Amino acid sequence: VSRDWSSDVCSSDLDSGLQTVATVTASLPLYGASNTVQCATCHEPHNNTNTNYLRMPNNTTLCTTCHL
């Protein structure tokens with residue numbers, strides 16, 4: 001599962017309330033030349049400190065890193 005953030009601000013019919021790529025990459029990694037959201041964007045497979053192998057605590061901070 002991935003999402004293509006190919007423009008500076010992702011404007012999608014499905015979700016127009018997204019942060020800019022620069023805002024997201026300050027906290028979470030995006031992958032490839034088109035800044036794709038992949039599993040490892042939210043999950044850290046080698047560290048389970050935040051449960052469910054999440055990169056940050058499972059609260060609104062994780063969601064609002066990408067979503068407005």
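**View 1. T51 and N52, two loop residues with positive phi.** T51 is partly exposed, at 47% relative accessibility; the cut-offs here are under 20% relative accessible area for buried, over 50% for exposed, and partly exposed in between, using a 1.4 Å probe and protein chains only. This is a predicted model, in which local features need pLDDT of at least 70, side-chain atom pairs count only at pLDDT 80 or more, and totals for chains, interfaces and linings use all residues. Residues are numbered from 1 along each chain as its sequence is written, and side-chain values use heavy atoms, with hydrogens and water left out. T51 sits in the loop between α2 and α3, the latter covering 60–64. Helices are DSSP runs of H or I with at least four residues, strands are runs of E with at least two, and both are numbered from the N terminus. Phi of T51 is near 60 degrees. N52 is in the loop between α2 and α3 too, and its phi is near 55 degrees. What's odd about that? Most residues other than glycine have a negative phi. With a relative accessible area of 53%, N52 counts as exposed.

**View 2. T41, a buried residue in helix α2.** Helix α2 spans residues 39–42. T41 has 0% relative accessibility, so it counts as buried. A polar atom of the T41 side chain lies 2.9 Å from the backbone oxygen of P29. That fits the cut-off for a polar contact: a pair of N or O atoms within 3.5 Å, where within protein one must be able to donate a hydrogen and the other to accept it, and residues adjacent in sequence count only if both atoms are side-chain atoms. Leaving out residues up to four places away in sequence, T41 touches L28, P29, L30, Y31, T36 and R55; contact means heavy atoms within 4.5 Å.

**View 3. C39, C42 and C66, cysteines without a disulfide.** A disulfide is a covalent bond between the sulfur atoms of two cysteines. The cut-off used here is a pair of cysteine sulfur atoms within 2.5 Å, and a search of the whole structure turns up zero of them. Why no bond for C39? Its closest cysteine sulfur, in C42, is 8.8 Å away, too far for a bond. For C42, the closest cysteine sulfur is in C66, at 5.9 Å, and that's too far as well. C39 is exposed at 56% relative accessibility, C42 is partly exposed at 25%, and C66 is buried, with a relative accessible area of 9%.

**View 4. The largest nonpolar core, with C66 and L54 among its members.** Which residues make up this core? The nine are V21, V24, L28, L30, V37, L54, M56, L62 and C66. A nonpolar core here is a set of buried Ala, Val, Leu, Ile, Met, Phe, Trp, Tyr and Cys residues joined through side-chain atoms within 4.5 Å. L54 touches C42, H43, E44 and L62, not counting residues up to four places away in sequence. C66 is in the segment after α3. C66 and T25 are 41 residues apart in sequence, yet 9.3 Å apart in space, C-alpha to C-alpha.

**View 5. The chain behind the close-ups, with three helices and two strands.** Along the sequence, the pattern runs β-α-β-α-α. Of the 68 residues, 26% count as buried. Among contacts between residues at least 6 apart in sequence, 47% join residues at least 24 apart.
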